[in-house]
Amino acid sequence: MPKRVVDLWSLLTQCAQAMANYDTRIAHDKLKLIRLHCSPYGEATERMAHYFADALEARLAGTGIELYTAFAKRTISAADILKAFQVYVTACPFRKMSNIFANKSIGMLTREATSIHIIDFGILYGFQWPCFIQGISLRPSGPPKLPVTGIDFPQPGFRQAERVEETGRRLAKYCKRFNVPFEYNAIAKKWDSIHLEDLKINRDEMLVINCLYRLINVPDETVYEKSPRDDVLRLIKQIKPDVFLHGIVNGAYN
């Protein structure tokens with residue numbers, strides 16, 4: 001018997017709308033129907049629907065906070081994240097190409113600099129920078145000094161800066177391997193609460209701001225009347241960088 005085709009996108013939207021209207025009967029009915037046609041092992045839409053259904057079910061049962069807390073406690077090592085990232089860039093080269101473009105642009109525009117201060121909004125695991133570090137280590141005049149300010153959102157729990165600090169330790173080891181003088185300033189806080197003095201800027205440095213695909217995680221005026229995203233952009237304007245690289249996703253998805 002052929003499998004019945006349903007519009008999972010519409011069902012998820014209808015379920016969410018029913019929940020927003022506190023119509024639990026319709027929400028339960030829609031969830032049951034979604035569960036019949038989704039799977040964590042199916043095609044892309046079926047997998048997406050499965051995890052959205054988990055979230056909707058948790059919301060309906062009032063266990064969303066407990067579910068998120070349990071998920072947040074799960075730690076995934078940087079090595080495992082790197083393996084996943086390698087698979088991702090092999091299958092989809094867009095992130096790899098944007099990293100190459102960004103690094104080549106920074107390298108070209110800072111080729112005479114003796115100190116390059118990179119302020120990376122959304123540094124995550126720092127996967128963008130090893131190739132750049134290796135590149136500047138080969139300069140005929142010797143490698144420049146490389147202060148990096150790694151900025152990311154605070155993690156849940158008591159060690160909110162753990163990931164961004166660990167990124168700094170890995171980059172320090174890499175710089176030591178290639179004899180690149182390195183300093184690191186870790187910042188883990190809401191980006192709109194960052195002040196100019198937090199960035200430890202020395203005006204003798206070549207100043208580079210890098211923000212690839214992460215500003216979307218800062219709410220704009222559609223969420224808050226006073227836009228946090230505008231505050232971040234005002235801070236960047238106040239910094240007056242020599243180089244500003246900003247990446248955004250602009251695409252249609254099937």
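The lining of the second largest pocket divides into 14 nonpolar, seven polar and five charged residues. The model is predicted. About 670 Å³ of space lies in this pocket. Of its 26 lining residues, F127, Q128, P130, C131 and F132 are the closest to the centre. Which elements give two or more residues to the lining? They are α5 (78-91), α6 (94-109), α7 (129-137) and α8 (162-177).

**The enclosed space**

Rolling a probe the size of a water molecule over the atoms shows where empty space is left. How many cavities of 30 Å³ or more does a search of the whole structure find? The search finds one. The largest cavity has a volume of about 30 Å³. Its lining is made of D152, F153, Q155, Q160, R163, V164 and A188. By class, that lining has three nonpolar, two polar and two charged residues.

**Helix α3 and its partners**

Now to the packing of helices. Helix α1 covers residues 8-20. Its axis lies 10 Å from that of α3, at an angle of about 10°. Angles under 35 degrees count as roughly parallel, so α1 is roughly parallel to α3. On the α1 side, the contact is made by L8, W9, L12, C15, A16 and M19. On the α3 side, T45, E46, M48, A49, F52, A53, L56, R59 and L60 take part. This contact of α1 with α3 has 12 nonpolar residues, one polar and two charged.

Helix α2 (residues 24-37) also meets helix α3 (residues 44-61). Their axes come within 10 Å and cross at roughly 150°. Angles over 145 degrees count as roughly antiparallel, so α2 is roughly antiparallel to α3. The crossing of α2 and α3 is left-handed. Helix α2 brings T24, A27, H28, L31, I34, R35 and H37 to the contact. Helix α3 brings E46, A49, H50, A53, D54, L56, E57 and L60. Sorted by class, the contact of α2 with α3 holds seven nonpolar, four polar and four charged residues.

The table sets out the classes for each site.

| Site | Nonpolar | Polar | Charged |
|---|---|---|---|
| Lining of the second largest pocket | 14 residues | seven residues | five residues |
| Lining of the largest cavity | three residues | two residues | two residues |
| Contact of α1 with α3 | 12 residues | one residue | two residues |
| Contact of α2 with α3 | seven residues | four residues | four residues |

Terms used
Residues are numbered from 1 along each chain as its sequence is written. This is a predicted model: local features need pLDDT of at least 70, side-chain atom pairs count only at pLDDT 80 or more; totals for chains, interfaces and linings use all residues. Side-chain values use heavy atoms; hydrogens and water are left out. Axes are lines fitted to C-alpha atoms, for helices over the stretch in contact, and angles run from 0 to 180 degrees between N-to-C directions. Helices (H or I, at least four residues) and strands (E, at least two) are DSSP runs, numbered from the N terminus. Angles under 35 degrees count as roughly parallel, over 145 as roughly antiparallel, 65 to 115 as roughly perpendicular and the rest as oblique. A crossing is left-handed if the near helix is turned anticlockwise from the far one by less than a right angle, and right-handed if clockwise. Contact means heavy atoms within 4.5 Å. Ala, Val, Leu, Ile, Met, Phe, Trp, Tyr, Cys and Pro count as nonpolar, Asp, Glu, Lys and Arg as charged, and the others, Gly among them, as polar. On a 1 Å grid over the protein atoms alone, a cavity is a set of points where a 1.4 Å probe fits but cannot get out, and a pocket is an open set with protein on both sides within 12 Å along at least five of seven lines; lining residues have an atom within 4 Å of a point. Grid points are joined across faces, edges and corners, and a volume is the space filled by probe spheres set on the points.
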